Amino acid sequence: MAAKLKVAGTWSGAIEVELDGWTVPMLREEVARRSNLSPDSINLICGGKVLKDGDGTAKLSELGVKGNAKILSTRVCVDQGKSLQEEAMTEDERSRRLARVK
């Protein structure tokens with residue numbers, strides 16, 4: 001059964017999908033293709049939850065996405081995740097040094 005998803009953000013429009021057949025990576029690739037961006041730079045949000053790829057086998061229906069759902073697609077800098085991780089590592093290092101001083 002095909003359902004329409006309304007997408008807004010980096011690309012706006014409607015996509016017809018099979019909720020029992022499509023996965024988050026498939027939806028991300030389709031939105032990325034239509035917005036001429038890399039799938040790695042697309043973040044999908046539905047119902048206030050970030051749709052994560054997980055192991056890539058979870059169907060949209062299993063994640064609670066229903067027909068006529070609104071999906072927000074945002075653009076994420078590919079390096080943003082890396083810089084956040086580096087920042088957390090430097091914070092950990094600072095904490096270790098402070099613990100040694102105490």
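**Exercise 1. Is Ser 35 buried or exposed in this predicted model, and what surrounds this residue?**

Solution. Begin with the location: Ser 35 belongs to helix α1. Next, take the relative accessible area, which is 14% for Ser 35; because buried means under 20%, Ser 35 counts as buried. Then look at the polar side of the residue, where a polar atom of the Ser 35 side chain lies 2.8 Å from the backbone oxygen of Val 31. Finally, once neighbours within four places in sequence are set aside, the residues in contact with Ser 35 are Thr 10, Trp 11 and Ile 42.

**Exercise 2. Work out where Glu 30 sits, and which side chain makes a polar contact with the side chain of Glu 30.**

Solution. Glu 30 is placed in helix α1, which spans residues 24-35. With a relative accessibility of 14%, Glu 30 counts as buried. The polar contact joins its side chain to the side chain of Arg 34, at 2.5 Å. If residues up to four places away in sequence are not counted, Glu 30 touches Ile 15 and Trp 22.

**Exercise 3. Establish the order of the strands in the sheet, and explain why one side of β2 and of β4 is left without a neighbour.**

Solution. The sheet is open and has five strands, in the order β2-β1-β5-β3-β4, with mixed pairing. Because β2 and β4 (49-50) stand at the edges and have a single partner strand each, one side of each lacks a neighbour in the sheet.

Now follow the pairing of β1 with its two partners. With β2, the strand β1 pairs in the antiparallel sense over six bridges, and the two form a hairpin that has three residues between them. Within this pairing, Ala 2 stands opposite Glu 18 in β2, while Lys 6 stands opposite Ala 14 in β2. With β5, in contrast, β1 runs parallel, and four bridges join the two strands; here Gly 9 stands opposite Ser 73 in β5.

To complete the arrangement, add the helix: α1 lies across β1, β2, β3 and β5 (70-75), and runs at about 120° to β3.

**Exercise 4. Describe the largest nonpolar core and identify the element that supplies its largest share.**

Solution. The largest nonpolar core has 20 residues, and those with the most contacts inside it are Leu 5, Leu 27, Leu 60, Val 65 and Ile 71. At least two residues of this core come from each of β1 (2-9), β2, α1 and β3 (42-46). The largest share is that of α1, which supplies four residues.

As a closer look at one of these residues, take Ile 71: leaving aside neighbours within four places in sequence, its contacts include Leu 5, Val 7, Leu 44, Ile 45, Leu 51 and Val 65.

**Exercise 5. Decide which part of the protein has the lowest confidence and which has the highest.**

Solution. Start with the whole protein, whose mean pLDDT is 85, with 86% of its residues at 70 or more. Then turn to the elements: confidence is lowest in helix α2 (residues 78-101), at a mean of 67, and highest in strand β2 (residues 13-18), at 94. As a caution for the reading of such a model, predicted coordinates should not be read in detail where pLDDT is low.

Methods
Residues numbered from 1 in each chain as written. Predicted model: local features only at pLDDT ≥ 70, side-chain atom pairs only at ≥ 80, totals over all residues. Heavy atoms only, no water. Buried < 20%, exposed > 50% of the residue type's maximum accessible area, 1.4 Å probe, protein only. Polar contact = N/O pair within 3.5 Å; in protein donor to acceptor, adjacent residues only side chain to side chain. Contact = heavy atoms within 4.5 Å. pLDDT = per-residue confidence, 0-100. Core = buried A, V, L, I, M, F, W, Y, C linked by side-chain atoms within 4.5 Å. Pairing = 2+ DSSP bridges. Axes fitted to C-alpha atoms, helices over the stretch in contact; angles between N-to-C directions.
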